[in-house]
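Colleague: Could you take me through a close look at one loop residue with an unusual backbone? Then please work outward to the elements around the chain.

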Amino acid sequence: MILLILIVAAIMFIYFNIIPGKRHTSIAWLSLIVTILCVVGIVEHDYNHWGMKTETTLSTNTLVSSATPRLPILLYQPLGNGTEKVYLYKTGQLQKKPKSIKLDKVSTKVKRSSQPKVTIKTTRYTYSNTFNQIMFGVFGHDKELKHREYIFSIPSNWKVMSVNDAKQLQKQMMKKQQFLKQKSAQ
């Protein structure tokens, strides 16, 4: 709607500046002011989400080991120099492969608690009222993601390790099992 108002105001400004007549100058100035206000409104909406509010949703799921049920581990895959981590988690025993966190506008925390769980806090932009939705709805910013936070709460007996460390641990356990089999065979 704001684009339509902008186009009409710009056409009125041009028309009333070209065609001479009574009060045309004041109408031209008024349409110029409306044009400028529309442009400022569009820019503010695009950069600062003017006319929108934030809406936060929480979802909490139980957490099971990323590896095997016997070995309570929360896995992560380091990115770049290792300061950023993509956590891999499971929310049920029937889940074959672990889910990875979404990387768009995300932060993660790992804290200790008595029960393993993952809490996902998602903040999105929504229109503050119907008028703003009518005015700026053409831009498609409704339900746009502002921030997502993953909070992994794990008991003290759980370990947080990288995928590479888990693979090395698995290799060491296989070698130890082979050694014990050989020893028991003798």
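Modeller: Start with Lys105, which at 40% relative accessibility counts as partly exposed, because that value falls between the 20% and 50% cut-offs. The model is a predicted one, so every value here is computed. Lys105 sits in the loop between strand E4 (99-100) and strand E5 (106-112). Its phi is positive, about 50°, although Lys105 is not a glycine. Most residues other than glycine have a negative phi. That is the reason to pause at this loop.

Two other residues make useful companions. Arg23 is not a glycine either, and has a positive phi of about 60°. It belongs to the loop between helix H1 (2-18) and helix H2 (24-48). At 70% relative accessibility Arg23 counts as exposed, since the value is over 50%. At the other end of the helix, just after H2, His49 takes a positive phi of about 55°.

That brings us to H2 itself. H2 has 25 residues. From first C-alpha to last, H2 reaches 35 Å, close to the 36 Å expected at 1.5 Å a residue. The buried residues of H2 are His24, Ala28, Ser31, Thr35, Cys38, Gly41, Ile42 and His45. They pack against H1, strand E1 (52-62), E6 and helix H3 (130-136). Leu30 is also in H2. At 55% relative accessibility, Leu30 counts as exposed, because the value is over 50%. Leu30 also gives a distance across the model: its C-alpha atom is separated by 59 Å from that of Tyr89, 59 residues apart along the chain.

Strand E6 is one of the partners of the buried H2 residues. Two of its threonines deserve a look. Thr122 is found in E6, which covers residues 117-127. Thr122 counts as buried at 9% relative accessibility, because buried means under 20%. Leaving out residues up to four places away in sequence, Thr122 touches Glu55, Thr56, Thr57, Leu145, His147 and Arg148. Thr119 lies in E6 too. Thr119 is at 13% relative accessibility, so it counts as buried. With the same sequence neighbours set aside, Thr119 touches Leu58, Ser59, Thr60, Glu149, Tyr150 and Ile151. For a distance from Thr119, take Leu3: the two are 116 residues apart along the chain, and their C-alpha atoms are separated by 40 Å.

Now move to the C-terminal side of strand E8. Ser162 lies in E8, residues 159-162. Ser162 counts as buried because its relative accessibility is 7%. Beyond residues up to four places away in sequence, Ser162 touches Leu75, Tyr76 and Pro78. Ser162 also caps the N-terminal end of H4. The cap rests on one atom pair: a side-chain oxygen of Ser162 lies 3.2 Å from the backbone nitrogen of Asp165.

Helix H4 runs over residues 163-185. How far should its 23 residues span at 1.5 Å a residue? The expected span is 33 Å, and the end C-alpha atoms are 33 Å apart, so the two agree. Of those 23 residues, the number buried is two, so H4 lies largely in the open.

H4 also takes part in the largest pocket. This pocket has a volume of about 370 Å³. Its lining has 15 residues, and the closest to its centre are Ala67, Thr68, Leu71, Gln170 and Met173. H4 supplies the largest share of the lining, eight residues. Strand E2 (73-79) and H4 each supply at least two residues of that lining. By class, the lining has ten nonpolar, three polar and two charged residues.

Back to your starting point, then. Lys105 combines a positive phi of about 50° with a partly exposed setting at 40% relative accessibility. Arg23, with its positive phi of about 60°, is exposed at 70%.

Terms used. Residues numbered from 1 in each chain as written. Predicted model: local features only at pLDDT ≥ 70, side-chain atom pairs only at ≥ 80, totals over all residues. Heavy atoms only, no water. Helix = DSSP H or I, 4+ residues; strand = E, 2+ residues; numbered from the N terminus. Buried < 20%, exposed > 50% of the residue type's maximum accessible area, 1.4 Å probe, protein only. Contact = heavy atoms within 4.5 Å. Expected span 1.5 Å × (residues − 1). Polar contact = N/O pair within 3.5 Å; in protein donor to acceptor, adjacent residues only side chain to side chain. 1 Å grid on protein atoms, 1.4 Å probe; cavity = no way out; pocket = protein on both sides within 12 Å on 5 of 7 lines; lining within 4 Å. Points joined across faces, edges and corners; volume = space filled by probe spheres on them. Nonpolar A, V, L, I, M, F, W, Y, C, P; charged D, E, K, R; others polar.
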